[in-house]
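Subject: Structure handover

Hello,

Here is the structure we spoke about. Please look it over before reading the notes below it.

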Amino acid sequence: MTISVKVMNYIERSSWIRKMFEEGAALRKIHGAENVFDFSLGNPSTEPPEDFRRELQSLAQSCEPGMFRYMDNAGYLETRAAVAEVLTEKSPLPVEARHVVMTCGAGGALNVVLKTILNPGEEVIILAPYFVEYKFYADNHGGVTREVPTDPATFQLDIAAIEKAIGPNTRAIIVNSPNNPTGVIYSRESLTALGEAVERKGKELERQIYVISDEPYARLAYDGREVPGIFSCVENAIVVTSHSKDLALPGARIGYLAVNPAMGNAAQFIEGAVFCNRVLGFVNAPALMQRLVAKLQRSSVDVSEYQAKRDLLYDNLTTMGFRMVRPEGGFYLFPESPLADDVEFVGLAQKHNILLVPGVGFGAPGHFRIAYCVDAEMIHRSLPAWERLAREVGLG
């Protein structure tokens, strides 16, 4: 065998998302792109906002000496200061540049955080449904994941279940709001209750337990909703995020991690994170992207476009008989599967050239995920296929 048994096993049971995306590529060759409706991958069709383009052109023309040399492994001071300024607006205490480390996206940030805090065998609680890569990220650094379900009716946090799951080996809890795959935004009340539970258990167990808030969708909130700032709810909180979604830059791999100034041993954590950013091989986040996003911390894609797509799919699918929690943010729907076996249902949808991801891939069997960050025109074209699928499974 040319690769490790462990990696081979992980490949076999890993991302349904990529598997379905690859299935879509094969179907497009057979049926033509216009006849395949691929809702598998959260890869925004939206282009970056105009101010990103202007800043990119300005930087390309300036060619400042040294702009592509090494910098502090934490990132450019002016970029971290710009991030800190915006974070301060939702924080009880001022966030400063020293509380921020620029990273290669949210995935890079999560790996840096977990390498910084985990001892071998320590647990990371993940809340089902969850982003599947969390399991692999924890394993990268000797950790193990412990799954705790959210409320099955609302997908909101089940504080009692989380507190019960916290034990002497717990090091961190990952929350993701707006959530991938459900689109649910965790309420301020539930996040505050989570912070109180973590503080109680930390004192009881005499160990520091972190809440890692994974926030790449934080600016994609609908119907006037606001995503609560985690620093105002949880003392031992770390934000990890990227500009993949809010600036439509998934291929640029630019993000950051930030620590709550109120957290105990915050300075020591940042020192460890800067070291881990280096030794994991990231060294630093891309120089050009750091300079670009420094001036774009209040910029975003047009969120109303995503809300319109949500409404288009949600309204039509619920009319057909599909049942789901109405998303409050992000760009995913997570309906109940009309068949008991969600993998079987996704296979049936594929016969109608509709590409979906089964809920089992997110730790929530009995559901399926729709990524609606696609062209609105494709959504419109897909509706007759959805109607045929709904009739086949007895909905309506």
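What follows is a set of notes on this structure, which is a predicted model.

Two buried loop residues

Thr-182 lies in the loop that runs between strand 5 (170-176) and helix 8 (188-205). Its relative accessible area is 2%, so Thr-182 is buried. The side chain of Thr-182 has a polar contact with the side chain of Asn-179, at 3.0 Å, and the same side chain of Thr-182 also reaches the backbone nitrogen of Val-184 at 3.2 Å. If neighbours within four places in sequence are set aside, the contacts of Thr-182 are Pro-129, Phe-155, Pro-327, Tyr-332 and Phe-334.

Gln-297 is in another loop, between helix 10 (287-293) and helix 11 (303-320). With a relative accessibility of 5%, Gln-297 also counts as buried. A polar contact of 3.1 Å joins the side chain of Gln-297 to the side chain of His-243. Beyond four places in sequence, Gln-297 is in contact with Ala-82, Val-83, Val-86, Arg-219, His-243 and Tyr-256.

Cysteines

How many disulfides does a search of the whole structure find? The search finds 0. Cys-276 is in no disulfide, and the nearest cysteine sulfur, which belongs to Cys-104, is 14 Å away. A disulfide needs the two sulfur atoms within 2.5 Å, so at 14 Å Cys-276 does not qualify. Cys-276 is buried, with a relative accessible area of 6%. Cys-233 is buried as well, at 10%.

A three-stranded sheet

One open sheet has 3 strands in the order 9-12-11, and the pairing is antiparallel. Its edge strands, each paired on one side only, are strand 9 (332-333) and strand 11 (357-358). Strand 11 and strand 12 (residues 368-371) run antiparallel and are joined by 2 bridges. Opposite Phe-368 in strand 12 stands Pro-358.

Aromatic pairs

There are 14 aromatic pairs in the structure. One of them is formed by Tyr-210 and Phe-269, with ring centres 6.3 Å apart and 40° between the planes, and is tilted. This pair links distant parts of the chain: Tyr-210 is in strand 6 (residues 210-214) and Phe-269 is in helix 9 (residues 266-279), 59 residues apart. Tyr-210 and Phe-269 are both buried.

Another pair is that of Phe-334 and Phe-362. How do their planes lie? They are at 90°, with the ring centres 6.0 Å apart, so the pair is edge-to-face. Phe-334 is in the loop between strand 9 and helix 12 (342-351), while Phe-362 is in the loop between strand 11 and strand 12, and 28 residues separate the two. Phe-334 counts as buried at 1% relative accessibility, and Phe-362 is buried with a relative accessible area of 1%. Phe-334 is also among the contacts of Thr-182.

Ring pairs also link Phe-39, Phe-322, Phe-345, Phe-368 and Trp-386 into a cluster. Of these, Phe-368 is the residue that stands opposite Pro-358.

Charges over rings

In two places a charged end sits over a ring. That of Arg-291 sits over the ring of Tyr-76, 4.2 Å from the ring centre. That of Arg-326 sits over the ring of Tyr-314, 4.9 Å from the ring centre.

Regards

Terms used: Residues are numbered from 1 along each chain as its sequence is written. This is a predicted model: local features need pLDDT of at least 70, side-chain atom pairs count only at pLDDT 80 or more; totals for chains, interfaces and linings use all residues. Side-chain values use heavy atoms; hydrogens and water are left out. Helices (H or I, at least four residues) and strands (E, at least two) are DSSP runs, numbered from the N terminus. Buried means under 20% relative accessible area, exposed over 50%, partly exposed in between (1.4 Å probe, protein chains only). A polar contact is a pair of N or O atoms within 3.5 Å; within protein, one must be able to donate a hydrogen and the other to accept it, and residues adjacent in sequence count only if both atoms are side-chain atoms. Contact means heavy atoms within 4.5 Å. Two strands pair if DSSP finds at least two bridges between them. Rings of Phe, Tyr and Trp (its six-membered ring) pair if their centres lie within 6.5 Å; planes under 30 degrees apart count as stacked, over 60 as edge-to-face and the rest as tilted. A charge sits over a ring if NZ of Lys or CZ of Arg is within 6 Å of the ring centre and within 35 degrees of the ring normal.
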